[in-house]
Amino acid sequence: MIVITTPTGGIGRQVLDNVLDALDTRGDGTAVRVIARDPGRLTARARERAEVIKGSHADADVLGAACDGADQVFWLVPPDARAHSVEDHFHAFSLPLCEAIARHGVARVVAVSTLGRGVAENAGQVSASLAVDERIAATGVHYRALCPPFLMENLLGQAKSLRATGELRMAYPADRILRTCATGDIARTAARLLLDDSWTGRADVPFVAPDDLTPEGMAEVLSGVLGRPVRVRESTPEEYRASVRGLGASEDVARNYADMASAMSTQGFYGAAEPGTPDTAPTGFRRWCEEVLRPAALA
């Protein structure tokens, strides 16, 4: 039994699709169970092929029902822009999982984390995510932490404005390398691990795209893909905080984003990693822009 959380989210939806595709090819009887707040957002295929548990995976009863008889769990803490406390939000999701692992004998957990272990300090949501890894691993479950840097999909919110104004807004030095990865690559690796019952122990799985780009370099790629000049507008962490707050985020969430941006700039944990983990992150930035961002900009 494979349990998948956030099956309607940006990464979880792709994980579910990849798992179902693989099971179609293999033709075995592995069962899939998903936890969804709104089952109506699931695809018809997902509702037909997977057992659906309605609710939040922060709810101990919901998670317990989902993990009963489960062997593998895909785990992702969903964002909540209005969370009163980011640290409490991450803790509220990780605690029921740790309890479910012990109670139901879950063998393996595959979770989305982040690069920065041993480097990032006071880094907002990055630090909160790394702390969750420690809590889960402490249960003794076999554990794989999927560790991406900056997600290319973070730019989708700017897709239409990039085409309209040619301005790439970044709370990061325009001339410093920023490692990236595509969520599709994370989902493919997650599905592969969920379908493999041979791995043991704890390990981080890094995702670093085959690029060596600064935000200025990313703007150059975007210029070619969108067919118009694109320039970087660099903002300070405080300007970033104000921007996030203006979009309706809570004060603590906005502060955490600002702390993350500051730590990324000063500690360099999303820039220092060597480029290229082809087994886990083969998608380059130009290819992603052509296949994902440009259609979103033109929609």
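Biologist: Which residues line the second largest pocket?

Modeller: In this predicted model, the lining is made of Val-86, Glu-87, Asn-122, Ala-123, Gly-124, Ser-127, Ala-128, Asp-252, Arg-255, Asn-256 and Asp-259. Two or more of the lining residues come from each of helix 4 (86-104), helix 5 (125-137) and helix 10 (251-267). Helix 10 gives the most, with four residues. The space in the second largest pocket is about 170 Å³.

Biologist: How do you know how many residues of that lining are charged?

Modeller: Asp, Glu, Lys and Arg count as charged. The lining has Glu-87, Asp-252, Arg-255 and Asp-259, so these fall in the charged class. That fits the division of the lining into three nonpolar, four polar and four charged residues. Gly-124 is in the lining too, and it goes with the polar residues because Gly is placed in that class.

Biologist: Now the helix pairs. The axes of helix 3 (residues 60-67) and helix 4 come within 9 Å and cross at roughly 40°. Why is helix 3 called oblique to helix 4?

Modeller: An angle must be under 35 degrees to count as roughly parallel, and the roughly perpendicular range is 65 to 115. The crossing is at roughly 40°, so it fits neither class and the pair is oblique. This crossing is right-handed. Helix 3 brings Ala-60, Leu-63, Gly-64 and Cys-67 to the contact, and helix 4 brings Pro-96, Leu-97, Glu-99, Ala-100 and His-104. By class, the contact holds six nonpolar, two polar and one charged.

Biologist: What makes helix 8 and helix 11 oblique to each other?

Modeller: Helix 8 (residues 215-226) and helix 11 (residues 285-298) have axes that come within 10 Å and cross at roughly 55°. The roughly perpendicular class begins at 65 degrees and the roughly parallel one is under 35, so the pair is oblique. The crossing is right-handed here. Met-218, Val-221, Leu-222, Val-225 and Leu-226 of helix 8 meet Phe-285, Arg-286, Cys-289, Glu-290, Leu-293, Arg-294 and Ala-297 of helix 11. The residues of this contact are nine nonpolar, no polar and three charged.

Biologist: Let's finish with helix 9 (residues 237-246) and helix 10, which pack at an angle of about 150° with their axes 8 Å apart. Why is helix 9 called roughly antiparallel to helix 10?

Modeller: The class of roughly antiparallel takes angles over 145 degrees. The angle is about 150°, so helix 9 is roughly antiparallel to helix 10. Their crossing is right-handed. The contact joins Pro-237, Tyr-240, Arg-241, Val-244 and Arg-245 of helix 9 to Glu-251, Ala-254, Arg-255, Tyr-257, Ala-258, Ala-261 and Ser-262 of helix 10. Its residues divide into seven nonpolar, one polar and four charged. Arg-255 belongs to this contact, and Arg-255 lines the second largest pocket as well.

Terms used: Residues are numbered from 1 along each chain as its sequence is written. This is a predicted model: local features need pLDDT of at least 70, side-chain atom pairs count only at pLDDT 80 or more; totals for chains, interfaces and linings use all residues. Side-chain values use heavy atoms; hydrogens and water are left out. On a 1 Å grid over the protein atoms alone, a cavity is a set of points where a 1.4 Å probe fits but cannot get out, and a pocket is an open set with protein on both sides within 12 Å along at least five of seven lines; lining residues have an atom within 4 Å of a point. Grid points are joined across faces, edges and corners, and a volume is the space filled by probe spheres set on the points. Axes are lines fitted to C-alpha atoms, for helices over the stretch in contact, and angles run from 0 to 180 degrees between N-to-C directions. A crossing is left-handed if the near helix is turned anticlockwise from the far one by less than a right angle, and right-handed if clockwise. Contact means heavy atoms within 4.5 Å.
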